[in-house]
Amino acid sequence: MLRATLDTFSADEILGMVGRSGASGALRVYGPATAGVLYCHAGSVTFATTDQNDDLLSVLLRAGFVRDSQPTDATGLADVLLNSSVDMQRLHDFVRHRTEESAFELSLWSDGDLEFDAGLD
């Protein structure tokens, strides 16, 4: 696990190292009032949120892409999405937009701590 303060390394600097190394894991950023997380796979950000308690499933539930009684984990989510009438381009655009906005917001934080947990595939 890599730990640092945001006055030593920014989230962007850590993401640059993650990208160059091709690492997978979660970069958690703790600000004064809240915390966020960026999930990476093979050096690329795959999902980000400014609420550390959010995950992709809960975001998609709130956005109406899946219903409450459907998936309970990532495998179930993939099955539901692949076997539903969800517009995959709309889903992709939604997740990408949400991830880009969250990553941008987290990159602006200058006060707090961060940690990168590698290997959380």
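Buried means under 20% relative accessible area, exposed means over 50%, and partly exposed lies in between (1.4 Å probe, protein chains only). The model is predicted, so local features need pLDDT of at least 70 and side-chain atom pairs count only at pLDDT 80 or more, while totals for chains, interfaces and linings use all residues. Residues are numbered from 1 along each chain as its sequence is written, and side-chain values use heavy atoms, leaving out hydrogens and water.

**Exercise 1.** Classify Met17 by its relative accessibility.

*Solution.* Take the value for Met17, which is 36%. That makes Met17 partly exposed.

**Exercise 2.** Find how the rings of Tyr39 and Phe47 are arranged.

*Solution.* Start with the search of the whole structure, which gives 2 aromatic pairs. For Tyr39 and Phe47, the ring centres are 6.4 Å apart and the planes are at 20°, so this pair is stacked. (Rings of Phe, Tyr and Trp, the last by its six-membered ring, pair if their centres lie within 6.5 Å; planes under 30 degrees apart are stacked, over 60 edge-to-face, and the rest tilted.) Now add accessibility: Tyr39 is partly exposed at 26%, whereas Phe47 is buried at 5%.

**Exercise 3.** Do likewise for Phe65 and Phe94.

*Solution.* Their ring centres are 5.2 Å apart with planes at 45°, so the pair is tilted. Next, place the partners: Phe65 sits in the loop between α2 (56–63) and α3 (74–82), and Phe94 in helix α4 (residues 88–108), 29 residues apart. Helices here are DSSP runs (H or I, at least four residues), numbered from the N terminus. Finally, Phe65 is buried at 8% relative accessible area, and Phe94 is partly exposed at 27%.

Key
Helix = DSSP H or I, 4+ residues; strand = E, 2+ residues; numbered from the N terminus.
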